[in-house]
Amino acid sequence: MCFKTCLLIDDNYIDNFVTRKIIEGSNFAESIIVVRSAPEAINSLRDGLVTPDVIFLDVRMPLMSGFEFLEEYDKIDINKDDIKIFMLSSSLDPMDMRKSADNKYITQFIHKPLTQKALEELCP
């Protein structure tokens with residue numbers, strides 16, 4: 001296994017289903033936790049309910065976007081050194097890719113759908 005715990009943050013049920021199946025079919029993570037809103041993810045991280053070592057984060061979500069999640073993530077007091085965050089999005093907006101590249105927490109921007117090949121390339 002590449003990672004112990006994967007946190008998937010995406011409001012789209014179908015995308016979550018597909019991404020989860022791809023991760024489950026690989027040796028990428030021992031466990032997968034799916035949350036359908038960024039505020040729920042922030043609360044789970046802040047309260048210590050989830051301690052992921054990898055996060056897949058959607059860009060465009062209601063309530064709180066992926067970038068707004070990152071602003072809140074920056075404020076919470078957890079050890080972020082060992083957490084890799086991958087922006088997983090169907091967005092083709094060059095601004096989203098630029099903002100992602102400029103964010104200190106984002107390891108890489110990945111276009112949906114996630115593939116087995118992409119997962120293999122993400123393993124350390």
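In the next few minutes I will walk through a helix, a loop serine with its partners, the nonpolar cores and some backbone details of this predicted model.

Residues are numbered from 1 along each chain as its sequence is written, and side-chain values use heavy atoms, with hydrogens and water left out. Since we are looking at a prediction, local features need pLDDT of at least 70 and side-chain atom pairs count only at pLDDT 80 or more, whereas totals for chains, interfaces and linings use all residues.

Let me begin with helix α1, residues 13-24; helices here are DSSP runs of H or I with at least four residues, strands are runs of E with at least two, and both are numbered from the N terminus. The helix has twelve residues and reaches 16 Å from its first C-alpha to its last, close to the 16 Å expected at 1.5 Å a residue, where the expected span is 1.5 Å times one less than the number of residues. Its buried residues are N16, T19, I22 and I23, and by buried I mean under 20% relative accessible area, with exposed over 50% and partly exposed in between, using a 1.4 Å probe and protein chains only. Seen down the axis of α1, these buried residues fall within an arc of 135°, so they line one face of the helix; the arc is that of the directions from the helix axis to the C-beta atoms. The face turned away from that buried side carries the exposed residues Y13 and I14.

What do the buried residues of α1 pack against? They pack against β1, β2, β3, β4 and α5, with contact meaning heavy atoms within 4.5 Å. At the N-terminal end, N12 caps α1, with a side-chain oxygen lying 2.9 Å from the backbone nitrogen of I14.

Turning to S91, this residue sits in the loop between β4 and α4 and counts as buried because its relative accessibility is 7%. The side chain of S91 makes a polar contact with the side chain of R60 at 3.4 Å, and a polar contact is a pair of N or O atoms within 3.5 Å, where, within protein, one must be able to donate a hydrogen and the other to accept it, and residues adjacent in sequence count only if both atoms are side-chain atoms. The S91 side chain also reaches the backbone nitrogen of D93 at 3.2 Å, and a polar contact of 2.5 Å joins the side chains of S91 and D96. D96 lies in helix α4 and is likewise buried, because its relative accessibility is 7%.

Now to the interior. The largest nonpolar core has 24 residues, of which I9, I55, L57, F69, L70, Y73 and I85 touch the most other members; such a core is a set of buried Ala, Val, Leu, Ile, Met, Phe, Trp, Tyr and Cys residues joined through side-chain atoms within 4.5 Å. A second, separate core of 17 residues includes F3, F28, I32 and L88. Six of the seven residues of strand β1 are buried, so this strand is largely enclosed by the rest of the structure.

I will finish with the backbone. Most residues other than glycine have a negative phi, and most peptide bonds are trans. L63, however, has a positive phi of about 70° although it is not a glycine, and this residue counts as exposed because its relative accessibility is 77%. A cis peptide bond joins K112 and P113, with omega about -5°, and P113 lies in the loop between β5 and α5.
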